[in-house]
Amino acid sequence: FRESGGRGSGLALAPFSCSSIGYAMRTDMADIGSEETARMDVVYEKERVTIHPTQYGSGRISGKLRLYLQLGSLFLSWEPNEGVNSFSTSSVSAEIEKYRNLYTIQALPLSDVRFIRRHTPTFGLEYIIIVLSSGLAFPPFYFYNGGIRELFATLKQHVFIIRSDDDPNVFLVNDFEDPLQKSLSSLELPGVATVANAMSRQNSFSFTGSVSEVRHGDDAKYGGPSTMSEYVSKQRRKSNDPGRDISFQVLEKFSLVTKFARETTSSLFRENHSSGSHAYGRQKQEYVLDNKASDKYADQLITPDDASLPSDSVESDELLLVWGKKRGNPLSVEEWRAFLDPEGRIMDSKALRKKIFYGGVDHVLRKEVWKFLLSYHEYDSTQAEREYLAAMKREEYEAIKSQWKSISTTQAKRFTKFRERKGLIDKDVVRTDRSVPYYEGDDNPNVIVLRDILVTYSFYNFDLGYCQGMSDFLAPILYVMEDESEAFWCFASLMERLGGNFNRDQNGMHAQLLGLSKLVELLDPSLHNYFRQNDCLNYFFCFRWVLIQFKREFSFDQIMLLWEVLWTHYFSEHFHLYLCVGILKRYRLRIIGEGMDFDTLLKFINELSGQINIDRAIQDAEALCTIAGEAGADCIPPGTPPSMPIETDGGLYLQEDDVL
């Protein structure tokens, strides 16, 4: 549904108490005096409040939104209606029905809400986006029968809510301080931010496997409080825990929440992690990390016959890895020439992609080969056609660039969006890969080129604009191309596939994390169940891996190798998700054995930066992709990045229509 200019998708966390929800959602309580059935007073209720969980415009789930008072606190809930909506097509109905519980909100305390953004487009439906103090966001809620005005009127009666001075569409909830002086608690990264008050701990969402599990779940299974009063009591204790209140600045300016889905992850791109010593072992045919092993055994394969498992290990994975093929040598100049016919056409693109997948590309060839991998050139194009295309594209690039270069200072004062985007780009480029010689030093002309390409792209794709993280993708491309126009068009082509990562509603990211969740469930059910029991089913701890495709996990040289492997799409367009599964499986004994919760797991995952063996990771992912087969492909929703997005009449990207 594109009339409103938006697509929504949501990923939810585990329910805080399945049985207590049953009491909380009943208005005809039998025992009013019982703590188990504390009275619930519904103060607002609206039907046909709808989310769009897939990238299909016809895929919608309608439900009932409620505000209710219980034990002196205000809660919000959203329950999907039974069955799939009649306006959902048959091709997506089964998928929606299968995952409808992912989007259920059982009982969200308004004290956990940071702000609500109201969208009132000129044409189409009104909708709201709720952002939590943790930085996580719900999918957009579309009001098909109206009712947003009444919703805000009700909220004002029960919580402190004020309109942001910087954006009239944003309403800050329980904001008793200057919002520009407060930081947004987000991901727990060393020196950057923490998941204090993370909703994965508070369990206010639902991320369950079936409807029956939501209705008849066992509290012990999920580790949730048995009563609403117990939940409120725990919340009060948490509020006095200084260890949960540590937070650092994440947003450059909190009030610029029109880009909340981009800015809540801005801290992910700028930290460097200290390296540590880890050694690798193997249980059965699966390779796992043995943190107690000495570095001298790092490259040896330790089997149960010649080495004992660590004391904190758990039962080994029942699914044995089919070890991927050994990595080969990179594509050489001689091999590359052998793929070309006399006119310069690539005669066997599949064989070429296979060669690159298993060995990468010699750096001297990357400038030429990457243009094919990034679809700047077609595989069946001739050398003459490519030269002509390059000349035409150069002229087109200069024309686009001149659009913003010609903006005068006077005009810029009246062009807020241009000033904001250019200002954000100026800040980002000076801290992107500055340790790489190509970009280091003051007044580096390559940094200026990096800036110009990004500003030009924000004009070329004005709907998407610029988002933090894009500079991380462009830097290696410009380094390889050493040509402004060619780097621009290669980057623009890559963003055609990965632009969904930066959508304001986080639709592309939610789809990938949902696919990752289903792949882990398929390939490692016991690990998936562990995540379920420890409220980690949002897989948000893999957010950075997915968002910038492991850019912070490997060195600059290694990331160029990994990206060209991913760009071949030889085994799967979503090979990066299998990489995530493989890395999680490799460290599963540590994760389960140490009983990592969400915060600990997030910290552990981010500290793996620089510690992952790239060749083994690719081999693991290849093996898992082979094992999963078609079942693995079925786990990933259509249009999930880096698949080409499903285009509708409304365009590819969520518009910022009501704030321009």
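Two strands count as a pair if DSSP finds at least two bridges between them. Keep that in mind for the sheet exercises below; the model you're looking at is predicted.

**Exercise 1. Get the overall picture: find how many helices and strands the protein has, and what share of its residues is buried.**

Step 1. Go through the secondary structure: there are 25 helices and 11 strands.

Step 2. Now check burial, where the cut-off is under 20% relative accessible area. Of the 660 residues in the protein, 60% are buried.

Step 3. Look at contacts between residues with a separation of 6 or more: 74% of them link residues 24 or more positions apart.

**Exercise 2. Work out the strand order of the nine-stranded open sheet and name its edge strands.**

Step 1. Walk across the sheet and you get S4-S3-S2-S1-S7-S6-S5-S9-S8, with antiparallel pairing.

Step 2. The edges are strand S4 (105–109) and strand S8 (161–163), since each of them pairs on one side only.

Step 3. As for twist, neighbouring strands are turned by 30 degrees against each other on average, ignoring direction.

**Exercise 3. Follow the pairing from S1 through S2 and S3 to S4, and find some residues that stand opposite each other.**

Step 1. Start with S1 (residues 41–51) and S2 (residues 61–70): they're antiparallel and joined by eight bridges. One bridge here puts Ile51 with Ile61 in S2.

Step 2. Move on to S2 and S3, again antiparallel, with eight bridges. Here Gln70 sits opposite Ser73 in S3. The S2–S3 hairpin has two residues between its strands, and Leu71 has a positive phi near 55 degrees.

Step 3. S3 and S4 also run antiparallel, held by three bridges. Phe75 faces Pro109 in S4.

Step 4. Finish with how covered S3 (residues 73–80) is: six of its eight residues are buried, so call it mostly covered.

**Exercise 4. Decide whether helix H16 is enclosed or open, and say what it packs against.**

Step 1. Take its dimensions. H16 covers residues 470–481, which is 12 residues, and its end C-alpha atoms are 17 Å apart, close to the 16 Å expected at 1.5 Å a residue.

Step 2. Count burial. Because 11 of the 12 residues are buried, H16 is largely enclosed by the rest of the structure. The buried ones include Phe473, Leu474, Pro476 and Ile477.

Step 3. Look for the packing partners. The buried residues of H16 pack against helices H11 (363–373), H14 (416–429), H15 (445–460), H17 (484–498), H20 (543–547) and H21 (556–567).

Step 4. Step off the end of the helix: Glu482 comes next, with a positive phi near 50 degrees.

**Exercise 5. Classify how H18 and H19 are arranged.**

Step 1. Two packed helices are described by the angle between their axes and the distance between the axes.

Step 2. For H18 (residues 507–523) and H19 (residues 525–533), the angle is about 130 degrees and the axes are 5 Å apart.

Step 3. Angles over 145 degrees would count as roughly antiparallel, and 65 to 115 as roughly perpendicular. H18 and H19 are therefore oblique to each other.

Step 4. Who makes the contact? On the H18 side, Ser517, Val520, Glu521, Leu522 and Leu523 take part, and they meet Pro525, Leu527, His528 and Arg532 of H19.

**Exercise 6. Compare the surroundings of two non-glycine residues with positive phi, Arg48 and Asp433.**

Step 1. Arg48 has a phi of about 55 degrees, and its place is in strand S1. With a relative accessible area of 34%, Arg48 is partly exposed.

Step 2. Asp433 has a phi near 50 degrees and lies in the loop between H14 and H15. Its relative accessible area is 12%, so Asp433 is buried.

**Exercise 7. Find what Lys325 touches beyond its sequence neighbours.**

Step 1. Locate Lys325 in the loop between strand S11 (286–289) and helix H9 (333–338). At 48% relative accessibility, it's partly exposed.

Step 2. Leaving out residues up to four places away in sequence, Lys325 touches Tyr358, Gln619 and Glu622.

Step 3. Asp620 is 295 residues from Lys325 along the chain, yet their C-alpha atoms are separated by 9.4 Å.

**Exercise 8. Check the region that UniProt lists as transmembrane against the model.**

Step 1. The unreviewed UniProt entry gives residues 124–144 for "transmembrane region".

Step 2. In the model, that span is 0% helix and 43% strand, and its end C-alpha atoms lie 10 Å apart.

Notes:
Residues numbered from 1 in each chain as written. Predicted model: local features only at pLDDT ≥ 70, side-chain atom pairs only at ≥ 80, totals over all residues. Heavy atoms only, no water. UniProt positions renumbered as here; feature names shortened; annotations may be inferred. Helix = DSSP H or I, 4+ residues; strand = E, 2+ residues; numbered from the N terminus. Expected span 1.5 Å × (residues − 1). Buried < 20%, exposed > 50% of the residue type's maximum accessible area, 1.4 Å probe, protein only. Contact = heavy atoms within 4.5 Å. Axes fitted to C-alpha atoms, helices over the stretch in contact; angles between N-to-C directions. Parallel < 35°, antiparallel > 145°, perpendicular 65-115°, else oblique.
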